[in-house]
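This report describes the spaces within one protein model and the surroundings of its ligand. The sequence and the structure are shown first.

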Amino acid sequence: MQRGAGSLDRLEIRTETLPPLIAGQARVRVRAIGLNFADVFACLGLYSATPQGDFIPGLEFAGEIEAIHETTGGGKKSGLKKGDRVMGLIRFGAYATHLNADVRYLYTIPKEWSFEEGAAFLAQGLTAQYAIAHLGHVQRGETVLVQSAAGGVGLLSLFILKSIGARVIAVVGNSEKAQYLSDTFKIPPTDIVIRNPRTFARAIRSSAPDGVDVVLDAVYGKYFKPQYNLLRAGGRYVLFGAADLMPSGTSVNYAALGIKYFSRPRLDPLTMISDNKSLLAFNLIWLWDRIAFLRSMFDDMMKLPWKGQPPAVGRVFSFEETREAMRFFQSGKSTGKVVIKP
Ligand SMILES: NC(=O)c1ccc[n+]([C@@H]2O[C@H](COP(=O)([O-])OP(=O)(O)OC[C@H]3O[C@@H](n4cnc5c(N)ncnc54)[C@H](OP(=O)(O)O)[C@@H]3O)[C@@H](O)[C@H]2O)c1
């Protein structure tokens with residue numbers, strides 16, 4: 001439970017009784033909680049979709065169905081039944097041992113996957129799929145620059161791009177992540193860039209001298225313009241976050257954030273016409289009500305060869321270590337998904 005947004009120090013464990021199930025709901029015993037960058041922004045008070053007052057953070061989880069409302073149907077109507085292993089999305093409330101879930105946002109976990117892997121898939125996978133297939137419209141043979149390529153969205157993006165047959169220029173924050181990418185995805189070292197603000201423009205240009213077709217970026221800040229400049233004519237820039245604005249403390253230094261915010265890079269749409277480049281931006285949470293669309297993206301992702309290669313889980317924390325898990329996420333050192341086990 002977060003006692004109002006503003007500081008990670010306001011996170012605490014509380015015991016509460018869940019209300020009875022209503023039609024359309026199933027009770028899930030949560031086995032793993034997937035952390036998202038949005039959780040940290042929400043707790044710090046920097047995420048516009050955050051509920052007012054006290055709230056339970058968390059957008060995704062995996063667990064077992066303990067009970068299902070009788071009108072929702074054990075199996076027939078919802079396709080789900082008691083005992084099923086599911087992964088789910090929830091608009092806040094995943095940081096819990098049990099929760100009442102809307103069955104329309106529950107998906108069966110592939111049987112080869114663990115609960116941790118199930119909790120590592122939906123939010124970041126749907127983000128990657130929407131960015132690549134729907135906005136970036138990436139085609140076989142195109143070159144795509146992926147920022148934070150060793151992160152949750154980043155690794156799932158690499159997987160999707162590999163299955164499309166795109167070439168990837170991967171950008172990461174440190175050499176351990178670069179090594180991880182060349183070991184696991186066999187990306188040639190020349191196609192991996194370690195982010196350094198002073199040499200960044202030169203480094204990406206030397207990896208992609210002919211430019212790139214698509215940029216997938218959730219870092220923004222000083223890397224935005226060099227990446228925009230790297231796009232070829234006809235290129236698409238998909239922007240879906242601003243990790244560069246992430247405060248490093250447990251609460252927000254508004255003076256430092258204000259300086260970054262007011263000096264942020266901007267684009268003139270008229271220049272974009274003559275550049276022949278597009279900027280596309282989104283936040284998955286505003287697609288929340290498009291349930292059939294979310295499921296169709298999920299179905300498309302499940303047609304990819306995930307089998308044997310489930311989403312990468314990085315560090316796993318206990319429920320009592322939730323604040324440490326968020327601090328670790330905030331540090332920018334994570335590779336793969338950060339998971340909490342209640
Ligand atoms: N719009 C949407 O719907 C949507 C949905 C999900 C996620 N996102 C965004 O996508 C991005 C990735 O999300 P994720 O959950 O998969 O996280 P993640 O990539 O696993 O972790 C975040 C990564 O951001 C990078 N980073 C860059 N600057 C940073 C900074 N100042 N502080 C901390 N980290 C920094 C770090 O990697 P490197 O240093 O290696 O780059 C860090 O590992 C986030 O920006 C998130 O907000 C957007």
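## The second largest pocket

The model examined here is predicted. Its second largest pocket holds about 690 Å³ of space. In total, 28 residues line this pocket. Those that lie nearest its centre are Arg14, Ile56, Tyr95, Ala96 and Thr97.

Two secondary-structure elements, strand S4 (98-102) and helix H11 (322-330), each contribute at least two residues to the lining of the second largest pocket. Sorted by class, this lining comprises 14 nonpolar, eight polar and six charged residues.

## The shell around the ligand

The ligand is surrounded by 24 residues. Gln124, Ser148, Val153, Arg195 and Leu284 come nearest to the ligand. Helix H3 (122-135), helix H4 (152-164) and H11 each supply at least two residues of this shell. H11 also provides at least two residues of the lining of the second largest pocket. In the shell around the ligand there are eleven nonpolar, eleven polar and two charged residues.

Where does the ligand lie with respect to domain 1 and domain 2? Residues of the shell come both from domain 1 (8-121 + 310-341) and from domain 2 (124-284), so the ligand lies between them.

## Polar contacts and cover of the ligand

Both side-chain and backbone atoms take part in the contacts described here. In the side chain of Lys177, an N or O atom is 3.0 Å from an oxygen atom of the ligand. A polar backbone atom of Phe240 lies 2.8 Å from a nitrogen atom of the ligand. For Leu284, which is among the residues that come nearest to the ligand, a backbone N or O atom is 2.6 Å from a ligand oxygen atom. On its own, the ligand has 900 Å² of accessible area, and the protein covers 89% of that area.

## The largest cavity

Empty space can be located by rolling a probe the size of a water molecule over the atoms. Across the whole structure, a search finds one cavity of 30 Å³ or more. The largest cavity contains about 40 Å³ of space.

Its lining consists of Ala120, Gln124, Gly151, Gly152, Leu155, Leu156, Pro311, Ala312, Gly336 and Lys337. Gln124 is also one of the residues that come nearest to the ligand. H4 gives the largest share of the cavity lining, three residues. By class, five residues of this lining are nonpolar, four are polar and one is charged.

Why is the largest cavity said to lie between domain 1 and domain 2? Domain 1 (8-121 + 310-341) and domain 2 (124-284) both give residues to its lining, and the cavity therefore lies between them.

Technical notes: Residues numbered from 1 in each chain as written. Predicted model: local features only at pLDDT ≥ 70, side-chain atom pairs only at ≥ 80, totals over all residues. Heavy atoms only, no water. 1 Å grid on protein atoms, 1.4 Å probe; cavity = no way out; pocket = protein on both sides within 12 Å on 5 of 7 lines; lining within 4 Å. Points joined across faces, edges and corners; volume = space filled by probe spheres on them. Helix = DSSP H or I, 4+ residues; strand = E, 2+ residues; numbered from the N terminus. Nonpolar A, V, L, I, M, F, W, Y, C, P; charged D, E, K, R; others polar. Near = heavy atom within 4 Å. Polar contact = N/O pair within 3.5 Å; in protein donor to acceptor, adjacent residues only side chain to side chain. Areas by Shrake-Rupley, 256 points an atom, 1.4 Å probe, with all protein chains shown as cover. Domains from an automatic or database assignment.
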